[in-house]
Amino acid sequence: MPPTDHQSSFLNRISIRRNQVSTMENNHDQELEDIELFQKHVADRLAELASSGDESNVFLSIAWFRSLLDAFLCCEAEFKAVLIIDRDPTQFIKPPLDRVSAELQDRCVKALDICNAITYAIDMVHYWQKLAEIVVTSLEERPIGDGQVARAKKVLNALLVLITEDYKEQKTTERSWSFGRRGSGASVSKDQSSKNFRYLNMCFAKSWSSAKEIQAMASNLVEPRGKEANGLAMPVYVMSSVMVFSMWALVAAFPCQERNGLPTHFPVAKNLNWTQSLISLQEKIGEEWKKKEKKGKGGLLDELQKMEKVVTSLIEFTEAFKFPAEEEKVKEVEAQVAELSDICKRMGESLGPLQQQVREIFHRLVRSRGELMDLVEQAGFITAASN
């Protein structure tokens, strides 16, 4: 969901308006119109995400998350235009904008931690993909013999542990696996696997909890009421809701540290044009989280769910294998290996771009938070100079 023509038009329109000389009454009417249009664009993007379901954009797949993050980036650009571009700094030290902008800055800090966690989680999933590729290479060889099956079995058992084991356990458990492909020189040693997990966790204290970060982000997410509903507190609420939802969905889908207690939902207003799609998405993800009981494990990512299923089935094959394998069983394994290969291919093509989007969100949030802080500082100077 790259930037669209209507988004460019929206941003240009706001920039032109802010540079025009107009009455206070006109400014207020234009501001209300901008806020309404911003909410409409958010509603359109969330509705598109809620209706996703074709083969190229399966719900909770990597492709779906790329669409979600594209939507987030578009919303963030429009939000900043509504809230910040050519805005009078003194508005940021007056209620309610002083309060809601401070809360937004705090959410941004927590979202930055989540972005870091997801970046490392994507590295972890990429590592799992590489292990799965070893399985594919081993079981694609014909005829299937004891050697290939033994190698595949080692990797499969280790991979299943990684996908299903509590992420916190992975931090502290040393392993001595050694997986090799005959003639390829590829292996996964004890030192490599230990280094991998140290790398994935070097930025986080043992007490850090992704679930608690999400809970804190959502704790003071309150719909503006009365006069606040017609002012700048509303776009702050809209963007905060999109931010909390996006971070929450990522944590539910990818292996993150300490997800016990991750909420299955967070409060969202029901009477706004964009909230119905958000509530629908939230309910679907919440049900998946409860149904599959993936707390502290691999996550709800579609590719991981499918990988776990195929890996479990292939383990059963390797444990019962006797040479020569029955032709019917070989065909069944061929289909499963082809599916695993397809999953690896999709991961290989999409994990990198997804990680780039997460990093882009990180940098956007840093810049936006810095701009808000600058405006508050400018407002302080203006106020002091006028006294």
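# Walking through a helix-rich chain

Of the 387 residues in this chain, 51% count as buried. The model is a predicted one.

Me: What elements does the chain contain, and in what order do they run?
Reply: The chain has twelve helices and two strands. Start at the N terminus and read along to see where the strands fall. The order is α-α-α-α-α-α-β-β-α-α-α-α-α-α.

Me: Among contacts between residues at least 6 apart in sequence, what share joins residues at least 24 apart?
Reply: Set aside pairs that are fewer than 6 places apart, since this count takes residues at least 6 apart in sequence. Then look for the contacts that join residues at least 24 apart. Their share is 80%.

Me: Does the span of helix 3 agree or disagree with what we'd expect, and how far apart are its end C-alpha atoms?
Reply: Helix 3 covers residues 62-83, which is 22 residues. At 1.5 Å a residue, helix 3 should span 32 Å. The expected span agrees with the distance between its end C-alpha atoms, 31 Å.

Me: How many residues of helix 3 are buried?
Reply: Here buried means under 20% relative accessible area. Helix 3 is mostly covered. Out of its 22 residues, the buried ones number 19.

Me: Is Leu 60 buried or exposed, and what is its relative accessibility?
Reply: Leu 60 sits in the loop between helix 2 (24-50) and helix 3. Its phi is positive, at about 70 degrees, although Leu 60 is not a glycine. Leu 60 counts as buried, because its relative accessibility is 4%.

Me: Which other loop residue has a positive phi, near 55 degrees, without being a glycine?
Reply: Look in the loop between helix 9 and helix 10 (275-292). The residue there with phi near 55 degrees is Glu 258.

Me: Which peptide bond is cis in the loop between helix 3 and helix 4?
Reply: Pro 96 lies in that loop, between helix 3 and helix 4. The bond leading into Pro 96 has omega near 0 degrees, which is cis. So the bond to pick out, because of that omega, runs from Pro 95 to Pro 96.

Me: Which peptide bond is cis in the loop between helix 11 and helix 12?
Reply: Pro 324 has its place in the loop between helix 11 and helix 12. Omega is near 0 degrees for the bond leading into Pro 324. That cis bond goes from Phe 323 to Pro 324.

Me: How do helix 4 and helix 9 run, roughly parallel or roughly antiparallel?
Reply: Helix 4 (residues 97-140) and helix 9 (residues 233-253) pack with their axes 10 Å apart, at an angle of about 20 degrees. Angles under 35 degrees count as roughly parallel. Therefore helix 4 and helix 9 are roughly parallel.

Me: How many nonpolar residues are in the contact of helix 4 with helix 9?
Reply: Helix 4 passes helix 9 in a left-handed crossing. Residues in helix 4 including Leu 97, Val 100 and Leu 104 meet residues in helix 9, among them Ala 233, Val 236 and Ser 240. By class, the contact has one polar residue, one charged residue and, for the nonpolar ones, 15.

Me: How does helix 4 run relative to helix 12, roughly parallel or roughly antiparallel?
Reply: Helix 4 and helix 12 (residues 327-386) have axes 9 Å apart and an angle of about 165 degrees. Angles over 145 degrees count as roughly antiparallel. So helix 4, relative to helix 12, is roughly antiparallel.

Me: What classes of residue make up the contact of helix 4 with helix 12?
Reply: The two pass in a left-handed crossing, helix 4 by helix 12. The contact has 26 nonpolar, eight polar and five charged residues.

Me: At what angle do helix 11 and helix 12 cross?
Reply: Helix 11 has 19 residues and reaches 28 Å from its first C-alpha to its last, close to the 27 Å expected. Helix 11 and helix 12 are roughly antiparallel to each other, and helix 11 passes helix 12 in a left-handed crossing. Their axes come within 10 Å and cross at roughly 150 degrees.

Me: Which residues is Lys 306 in contact with, leaving aside its neighbours within four places in sequence?
Reply: Lys 306 is in helix 11 and is partly exposed, with a relative accessible area of 31%. Its C-alpha is 7.9 Å from that of Ile 343, though the two are 37 residues apart along the chain. The contacts of Lys 306 are Glu 339, Ile 343 and Arg 346.

Methods
Residues are numbered from 1 along each chain as its sequence is written. This is a predicted model: local features need pLDDT of at least 70, side-chain atom pairs count only at pLDDT 80 or more; totals for chains, interfaces and linings use all residues. Side-chain values use heavy atoms; hydrogens and water are left out. Helices (H or I, at least four residues) and strands (E, at least two) are DSSP runs, numbered from the N terminus. The expected span of a helix is 1.5 Å times one less than its number of residues. Buried means under 20% relative accessible area, exposed over 50%, partly exposed in between (1.4 Å probe, protein chains only). Axes are lines fitted to C-alpha atoms, for helices over the stretch in contact, and angles run from 0 to 180 degrees between N-to-C directions. Angles under 35 degrees count as roughly parallel, over 145 as roughly antiparallel, 65 to 115 as roughly perpendicular and the rest as oblique. A crossing is left-handed if the near helix is turned anticlockwise from the far one by less than a right angle, and right-handed if clockwise. Contact means heavy atoms within 4.5 Å. Ala, Val, Leu, Ile, Met, Phe, Trp, Tyr, Cys and Pro count as nonpolar, Asp, Glu, Lys and Arg as charged, and the others, Gly among them, as polar.
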